Amino acid sequence: MSNTPIDRRIAREAASWFVRLQNSSAGAAEHAAGAEWRARHTDHERAWQLAVRFSSRAQQLTGEPARAALERPRSQERRNALKTLALLIAAAPLGLAAYRGLPWREWRADARTAVGELRTVHLPDGGQIRLNTGSAVDIAYDDSARRVHLITGEMLVEVLSEPARRPFIVDTAEAQITTLGSRLLVRHYPGSTFLAALEGAVEVRPRLSPGDDGLVRLAAGQQTHVSIQAAQPPMPLAQHHLDWLSHVLRVEKTRLDDFISELGRYRPGLLRCDPAVAGLLISGTFQLRDTDQILRALSQTLPVDVHYRTPYWVTLTARANA
Amino acid sequence: MQSTSSVNPHQHQAIDQLYSHHHSWLQSWLRKRLGSAADAADLAQDTFVRLLCSAAGEPLNCSAPRAYLATIANRLTINFYRRRSLEQAYLAALAETPEALAPSLEHQALVLEALDEVDQVLALLPAQSRQAFLMAQLEGYTQEEIASRLKLSVRTVQRHLARAFEECIVLASLCVQHE
């Protein structure tokens, strides 16, 4: 790991890419150019990841108290730290008057994780969300419901039941999931949502059959896949779904391309495998904290070569004959 | 990981000397400024820790040791007051929150940690960048909305936002030692 300071010029370029690509008008070409810039040098990607991390840190701070703290008057701070302190203490009651009368019962937050990052988000009702790598959620609580929109990625939610019995609703692109109290795992795949009830009961409705005929109920220990049209019947919960909580990836006789696409979730940049080796089978338990180590292990146990074009652009190919 | 590991023995010795000759001077200098012996002791300690951490990168300036120590201690003092004013503003605003919604102490500590990280960057920014950043990141306004509210062009808003991310990248890459 290089821990050297990042050059300000690179920081500036990374910041400029990051801000431009956040704008919804940025097109596919611009995103591709940004990805290419990131892949060009390890420091580019490092700088980018620091911006992502900072952005998600800031986005966690959505409560009024946090905002009030960041918006506090600070013009005096540099001139005379001591005086500022006295001023702030004196001014606090005035400043706070402005925040009275806001609808406190509403609570909103967005949270996301960078690639390779795990994060715990605490909910105002005492529950919590564990976000897996590269995930994003919007959270909105009001008088009638507790809503979480899983935009991308995977999360484990601990839903506490409330005396007020507000339902807890998880929205994904394909489904709406409702519970009063449970521990549930939700993962968004392209075109489908995976759902597992670890504790408590959960109901799920596909977006296109919102009525009772589309409804599937999961009891504790059951899982299902939901497309936008239909939910599969409940199945017994498979093992290893929560391995990611301890930064582990466990596979048994899994195709290399499937393994690589799963591993790619935890590693920034591009990770690909040549079709010629896609069907090789792999078993084992891998520590996700060091994906380079995993790639090294692959080249030792399978007939593959690992090519690093940059640390963030890696391809697996059939071993060249030695 | 250990950012002190690459301090050469020669520099280590120089820091030892600085410490034994000037530590008590620094502590009393800080006490006069801060009015608290405990805070002064903490900050004096932090000054030497900072010296050890940065010694790997930059050469020690030993020709004017007290001025050098005072410069570092000054930066830490500003940071100390920034953090304290942040905590007080947060706790004061929290006191206005209905009890049912008040976060647990553990959660408050987590929030303060994140707040401090963001606040350190905001402290480096001009007022308008700060405002644009808070609107974008905390309130979820789009760049176009910020532009129309602040009566700026979208490009200018992007420049303000980029300034914030630039500072955060530089700052974060300097203090990687805590994870």
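How many bridges join β16(A) to strand β19 of chain A, and do these two run parallel or antiparallel? In this predicted model, the count is 4, and the two strands run parallel, with β19 covering residues 313–318. To pick out one spot along that pairing, look at Arg272(A): its bridge partner in β19(A) is Thr315(A).

Now zoom out a little. The two strands belong to an open sheet of 3 strands in chain A, ordered β16-β19-β18, with mixed pairing. β16 (270–273) and β18 (304–310) of chain A each have a single partner strand, so they stand at the edges, and one side of each has no neighbour in the sheet. From one strand to the next, the twist averages 15 degrees.

Two helices pack on this sheet. Helix α6 of chain A, residues 256–264, touches β16, β18 and β19 of chain A, and its direction makes about 175 degrees with that of β16(A). Helix α7 of chain A, residues 291–301, also touches β16, β18 and β19 of chain A; here the angle is about 145 degrees, taken against the direction of β18(A).

On to the aromatics. Over all chains, the structure holds 8 aromatic pairs. Take Phe80(B) and Tyr81(B): their ring centres are 5.4 Å apart and their planes sit at 75 degrees, so this pair counts as edge-to-face. Tyr81(B) is buried, at a relative accessible area of 5%. Elsewhere, ring pairs link Phe18(A), Trp48(A) and Phe54(A) with Phe133(B) and Phe165(B) in a cluster.

Charges meet rings too. Arg309(A) lies over the face of Trp313(A), 4.0 Å from the ring centre, while the charged end of Arg20(A) sits over the ring of Trp17(A), 4.5 Å from its centre.

Conventions. Residues are numbered from 1 along each chain as its sequence is written. Chains are lettered from A and ligands numbered from 1 in the order in which they are written. This is a predicted model: local features need pLDDT of at least 70, side-chain atom pairs count only at pLDDT 80 or more; totals for chains, interfaces and linings use all residues. Side-chain values use heavy atoms; hydrogens and water are left out. Two strands pair if DSSP finds at least two bridges between them. Axes are lines fitted to C-alpha atoms, for helices over the stretch in contact, and angles run from 0 to 180 degrees between N-to-C directions. Contact means heavy atoms within 4.5 Å. Rings of Phe, Tyr and Trp (its six-membered ring) pair if their centres lie within 6.5 Å; planes under 30 degrees apart count as stacked, over 60 as edge-to-face and the rest as tilted. Buried means under 20% relative accessible area, exposed over 50%, partly exposed in between (1.4 Å probe, protein chains only). A charge sits over a ring if NZ of Lys or CZ of Arg is within 6 Å of the ring centre and within 35 degrees of the ring normal.
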